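Student: Got a minute to go through this one with me? I'd like to start with how the helices pack and then move on to the domains.

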Amino acid sequence: MKCTIPNQLIQRILFAVCCLVLLREQAAAQTEIDGIMMAKNKFCLGPVYSYSSWTDYWEGKMKRDNENLGRVSTQMAAIMGNYGITDKLNVLFSLPYVSTKASAGTLHGMNGIQDFSLWVKWMPIEQKIGKGDFSAYAIGGYSLPASNYAADFLPLSIGLRSRNLSLRAMADYQLGWFYVTGSATYVVRSNISIDRSAYYTTEMHYTNKVDMPDAASFNFRTGYRQGNLVAEAIIDNWTTLGGFDITRNNMPFPSNKMNATRVGANVKYEIAQLRGLSLIGGGNYTIAGRNMGQATTVYGGIFYILDFAASRKTTTSPKKN
Amino acid sequence: MKKLLFVTTTIVAVAIALPIACSKDVKGRTDDLPALQPAKTDIEGGTWKPVLLAAANEFSVPVPSATTTPDYIAQINEIKTWQADLTSDEKAIVKYWSAGAILRWNEILRELVAKHNLPPYQNADGTYPAPNANNPLAYPFFPFANPPYAARAYAYVSAAQYDALVAAWHYKKLYNRQAPYKVDATVQVLVPQTDLPSYPSEDAVVVGAAVEMLKLLFPGDQDFIQGKAEEHKRARLIAGANVRSDIEAGEALGKAVAQKFVTRARGDRAGTAGGNATLWKKLETDCEARGEKPWYSLETPKRPPMLPVFGVVKPFLFDSLTAVSLRPGPPPLTGSEKMKHETNEIYEYVNNPTRERLRIVHFWADGAGTYTPPGHWDAIAAEDFITKNYSEIRWARNMALLNMSLMDAAIVCWDTKYYYFNPRPTQLDPKIKTLTGIPNFPAYISGHSTFSGAAAAILSHLVPERASAYQAMASEASMSRMYGGIHYRADCEVGLEVGKKIGNYAAERAKTDGAGN
């Protein structure tokens, strides 16, 4: 009866939207990232809230603060869902509302609906290896702006506007109560349009189109997964494959080389007394970065599983008891 | 395990194919322009009124060698050698530069401005370092190409190029040496043919004037600038458009004329426009003595005001007394009901931003890291001039008229700003959070509005069929500063009016400079 959405979506969204300061890399990055599938005909749905903020950021590789921004914070409220088409094929989505604010200086925060994301998660392999259970996944995702927000107002814009196509390979191994999950993702990002008719990166561009570099992401998690509790530690990395550094005392730009490495913890708890209801929560901290804020993020959410089938197990894989 | 291998292979294959399949090349609007093919040669251009030159022949250009001499024939052979084995890179540079010399150097200048339009980071003690022209590569890099600096740079480069081309046209007509492909029919020509005499080369004149001016204005970017200059001159040889002596004579003439502008620039008082701590304090106390609330910097730590003495820089289109006479009457008193009303209006705008208004704010923001409002108007003008098939001298003349207007607009606007030293809306009401950065200088009158009023006025004279479009753009640029929360209505409305008066000086000049329209 676990709802799979939390870890995955949250990861992704938090990572994407909230944590990264300058970098609101669109969600596409961290799609579902856990080794749990919704069972056939089950639909898990719920709201998630997150708060992320930073005072220090990396201007290129150099860390600094900015008294004209103070603490830059991002709040996100999202609706997320996961539907089991089959036990081995799930569809997931998220739609976040994002609001940003700077505690100092004069710049106005932004808010609005950010990007709609959709993933297809497929578990083609599930087998015993040694004493544990091994499963492998392929996850494809697509995201696109769900409103006409402005990308070119970093660090206060709510997103980067690129349409992202992501492809993730993931493997999960569970031995007793403990498990490890690792994944690698490639994100293809479309060009974006900005409101300006020219801009300077490391050279002049006489166009309103911006070439957004692709990105790669790695995620590793390990922890306890048994019964109605999942508790895990994560480390992940987002690396922009290209892009340029913010120059001295300049503003950030959507096609900057935004990188971040974060560590964090997630907990998911299913309430035994309320069948189908689960709580999620967690947080993470950016330990290294480039052209992004050093963000601390916390989040929480509630999910409920709707059962469109005769009563059956709710989640599958990898072998839970 | 086989299945795992299959899945992995598929994923890897797709991951590799995806980025290749999705081509994301972003082309600039002027990357693939056709070659400039002037509708007329403007062969009488040597009689047009120059800006600083006493006469078109103030600087001499040696008599060229006849096209029958061994010297000339050797130069023809140099072209043929280039053309015997053209690489794709060489063809690409010919294509790039053939779009127009004035256009390309204006784009390069806009690029330099955007690169250098960054306010210096503060010192540890909360003061700010000033860029040093004698040490441009040490942080803070020289220059900080803010809007007044940029306006002046665009004006000097444009005006120097125009005067140098007036001189060049004089000698072209005088010596009447034809282009190499007219002398020797076996020389290929990779650009449109012209009846304009090729000695001295107009392209090299533009290069020489630009390089000489930019040594003063962007002394830390010489490798970039010289690289462009060499490429431009080479493109003309490769194209069969000029022999080496056309190029050499043109470049020397361009440099000589530009020297006159360099001398003027060194004495135009811009070098001391930053003022000093005593003067900054005096602006504040003088304002208080008038019973008004003085402007203060809204940055932390407080940054000294941007170029408070730029208002006394020597203008191009009129004398300094006229500049002072163009200063408008005062803004609403800071304590008045009128000012309160205007402040409330701005609060309403920033608290109810529509997406369209935000687009307008960002489209016209032209703030840090951009080519500034004068550069934006150059871009607007250039994209219209491209469609007009002007000769290089007419391109230069029109750009000079525009950029002299913009520089003089900066002078009158900055004089006004520091004369009244009026606070920004956010200073009077800290609840006003802005949709773009607040410039670090007083509000009244709006720089964007003054620049835009001036640009729209001169451009409406030069390209009358676009007049209503220019007026609409100027209004939108002006309003963008209210929508963004950084100017009151009075700043914008009066700024447009003052700008228009300045642009009209350029239009009057244009009516009598001999170029016609």
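**Helices and domains in chain B**

Tutor: Sure. In helix 17 of chain B, the residues His448(B), Ser449(B), Ser452(B), Gly453(B), Ala455(B), Ala456(B), Leu459(B) and Ser460(B) meet Ala467(B), Tyr470(B), Gln471(B), Met473(B), Ala474(B), Ala477(B), Ser478(B), Ser480(B) and Arg481(B) of helix 18 of chain B. Keep in mind that this is a predicted model.

Student: What kinds of residues make up that contact of helix 17 with helix 18 of chain B, by nonpolar, polar and charged?

Tutor: They split into eight nonpolar, eight polar and one charged.

Student: And at what angle do helix 17 and helix 18 of chain B pack?

Tutor: About 180°, and their axes are 9 Å apart. Angles over 145 degrees count as roughly antiparallel, so helix 17 and helix 18 of chain B are roughly antiparallel to each other.

Student: OK, switching topic. Which domains does chain B have?

Tutor: The domain assignment gives domain 1, made of 43-48 + 76-130 + 139-266, and domain 2, which is 281-512. Taken over C-alpha atoms, the centres of the two domains of chain B are 30 Å apart.

Student: How many residues does each domain of chain B put into the contact?

Tutor: Domain 1 of chain B gives 33 residues and domain 2 of chain B gives 34.

Student: Which helices supply the domain 1 side in chain B?

Tutor: Helix 4 (101-116), helix 5 (147-175) and helix 7 (202-217) of chain B supply at least two residues each. Helix 5 of chain B has the largest share, with 14 residues.

Student: Nonpolar, polar or charged, how does that side of domain 1 of chain B divide?

Tutor: Into 21 nonpolar, nine polar and three charged residues.

Definitions and conventions
Residues are numbered from 1 along each chain as its sequence is written. Chains are lettered from A and ligands numbered from 1 in the order in which they are written. This is a predicted model: local features need pLDDT of at least 70, side-chain atom pairs count only at pLDDT 80 or more; totals for chains, interfaces and linings use all residues. Domain bounds come from an automatic or database domain assignment. Two residues are in contact if their C-beta atoms, placed from the backbone, lie within 7 Å. Helices (H or I, at least four residues) and strands (E, at least two) are DSSP runs, numbered from the N terminus. Ala, Val, Leu, Ile, Met, Phe, Trp, Tyr, Cys and Pro count as nonpolar, Asp, Glu, Lys and Arg as charged, and the others, Gly among them, as polar. Axes are lines fitted to C-alpha atoms, for helices over the stretch in contact, and angles run from 0 to 180 degrees between N-to-C directions. Angles under 35 degrees count as roughly parallel, over 145 as roughly antiparallel, 65 to 115 as roughly perpendicular and the rest as oblique.
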